[in-house]
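Me: Please take a close look at one part of this model, a single helix and the charged pairs that go with it. I would like one connected account, with the reasoning given at each step.

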Amino acid sequence: MGKRDDLIAKYADDLRNKCGMEPDMDLLTKVTIGCGPAIYNADASTVAGGQPAELETVKVNFLVKKLGLADSPALMDAINQVIETYGKSERNKYRAVVYYMLTKHFGKEAVYG
């Protein structure tokens, strides 16, 4: 298994054990690939759930630009809901896991089709 496969397995484990959901492995793989080289960088691979600027970046760069959603308060509500599901006290909130849950939340799996 390659390094990316190891990371995808770790993300799937987080989804099962920390978020209480069974991952769609095909979608999780596509979301992980979509994150690009950021998954290999310790800082870029995680989302700082307590930093408003970081959450704004997730909203603009992922929800608006990647998923094509219109900017609205509902986007930040969804981000906060995902952070809550992952667990506010969880130090490592992996970007691929957060993006996966947001993709599912908005029913935008077709973006990765």
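Reply: What follows goes through helix α1, then the salt bridges that begin in it, and then a pair in another helix.

The model is predicted. Helix α1 covers residues 3-17. At 1.5 Å a residue, its 15 residues should span 21 Å, and the C-alpha atoms at its ends are 21 Å apart, so the expected and the computed span agree.

Six names make up the buried set of α1: Leu7, Ile8, Tyr11, Ala12, Asp14 and Leu15. Seen down the helix axis, these buried residues fall within an arc of 155 degrees, and they therefore line one face of α1. The spacing fits a general rule. An α-helix has 3.6 residues a turn, so residues three or four places apart point the same way. The buried residues of α1 pack against α2 (25-34), α4 (73-86) and α5 (95-105). On the face turned away from the buried side, α1 carries the exposed residues Lys3 and Asn17.

Asp14 is the charged member of that buried set to follow further. With a relative accessibility of 3%, Asp14 counts as buried, because the cut-off is under 20%. Asp14 forms a salt bridge with Lys18, where the closest N and O atoms are 3.2 Å apart. Lys18 has a relative accessibility of 32% and so counts as partly exposed.

Lys18 also forms a salt bridge with Glu90, and here the closest N and O atoms are 3.1 Å apart. Lys18 lies in the loop between α1 and α2, whereas Glu90 lies in the loop between α4 and α5, so this pair ties together parts that are 72 residues apart in sequence. Glu90, at 22% relative accessibility, counts as partly exposed.

The structure holds nine salt bridges. Another of them is formed by the side chains of Glu56 and Lys59, at 3.4 Å from N to O. Both residues belong to helix α3 (residues 52-66), and because they are three residues apart there, about one helical turn separates them. Glu56 is partly exposed, with a relative accessible area of 35%, while Lys59 is buried, with a relative accessible area of 9%. Back at α1, salt bridges that share partners join Asp14, Lys18 and Glu90 into one network.

Methods. Residues are numbered from 1 along each chain as its sequence is written. This is a predicted model: local features need pLDDT of at least 70, side-chain atom pairs count only at pLDDT 80 or more; totals for chains, interfaces and linings use all residues. Side-chain values use heavy atoms; hydrogens and water are left out. Helices (H or I, at least four residues) and strands (E, at least two) are DSSP runs, numbered from the N terminus. The expected span of a helix is 1.5 Å times one less than its number of residues. Buried means under 20% relative accessible area, exposed over 50%, partly exposed in between (1.4 Å probe, protein chains only). The arc is that of the directions from the helix axis to the C-beta atoms. Contact means heavy atoms within 4.5 Å. A salt bridge is a side-chain nitrogen of Lys or Arg within 4 Å of a carboxyl oxygen of Asp or Glu.
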